[in-house]
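Please open the structure in your viewer and keep the sequence panel visible. The tour proceeds from the whole chain to selected parts.

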Amino acid sequence: MAKRTDNRVKAAETDLKEKLVNLNRVAKVTKGGRTFSFAAIVVVGDGKGTVGHGLGKARDVSESIAKAVDDAKKNLIKVPIHNGTIPHEQKGKYGAGKVFIKPAADGTGVIAGGAMRAVLEIAGVQNVLAKSMGSSNPHNVVKATIDALKSLRSPMEIAKLRGISMEKLFEG
């Protein structure tokens, strides 16, 4: 198999929007009582094929979100978007979270639930059918969705890999 190209992106190159996927209040029980802190999962993207996810933990809500955004900007990936949808079907897996994404016709919209919807919308995918199987834990669903998007290959990449023209790739 040919060597895969790295599809990572630098955060400074793009203007990013952020979306909070999940905010979880966690309690640590000490002898002095409960100590509350917050864990935030955030996805960032430019709506043009760049997306990343991050986790931030802090004693304050806004601080945990800020940490999550900083973390998300550190691991951005580029997603091939073809006519507002993804180029082909793809499965993604992370832990017990399994996802399936499928290209959809123009006008379909993003048919996905919860954490998957946030990732796909912020990436800039307008028409897609998606199903989350297995875990509904937002951490695993977000990471499985990112795994599926990372595995996508553009038609240009496939044509180049096979050594044929784009017209020949789309023939019968």
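The following stops cover the overall fold, one sheet, the helices packed on it and a charge over a ring.

This is a predicted model, in which local features need pLDDT of at least 70, side-chain atom pairs count only at pLDDT 80 or more, and totals for chains, interfaces and linings use all residues. Residues are numbered from 1 along each chain as its sequence is written, and side-chain values use heavy atoms, with hydrogens and water left out.

Begin with the whole protein, whose C-alpha atoms fill a box of roughly 70 × 35 × 35 Å along the principal axes. The protein contains 5 helices and 9 strands (DSSP runs numbered from the N terminus: helices are H or I of at least four residues, strands E of at least two).

Next, select strands 6, 7, 8 and 9: they form an open sheet of mixed pairing in the order 6-7-9-8 (two strands pair if DSSP finds at least two bridges between them). Strand 6 (90-94) and strand 8 (110-111) stand at the edges, each with a single partner strand, so one side of each has no neighbour in the sheet.

Within this sheet, display strand 7 (residues 97-103) and strand 9 (residues 128-134), which pair in the antiparallel sense over 7 bridges. I101 has A130 in strand 9 as its bridge partner.

Now add helix 2 (residues 114-123), which packs on the sheet and touches strand 7, strand 8 and strand 9 (contact means heavy atoms within 4.5 Å). Helix 3 (residues 138-151) also packs on the sheet, touching strand 6, strand 7 and strand 9.

Finally, select R25 and F36: R25 lies over the face of F36, at 4.1 Å from the ring centre (the criterion is NZ of Lys or CZ of Arg within 6 Å of the ring centre and within 35 degrees of the ring normal).

How values were computed: Axes fitted to C-alpha atoms, helices over the stretch in contact; angles between N-to-C directions.
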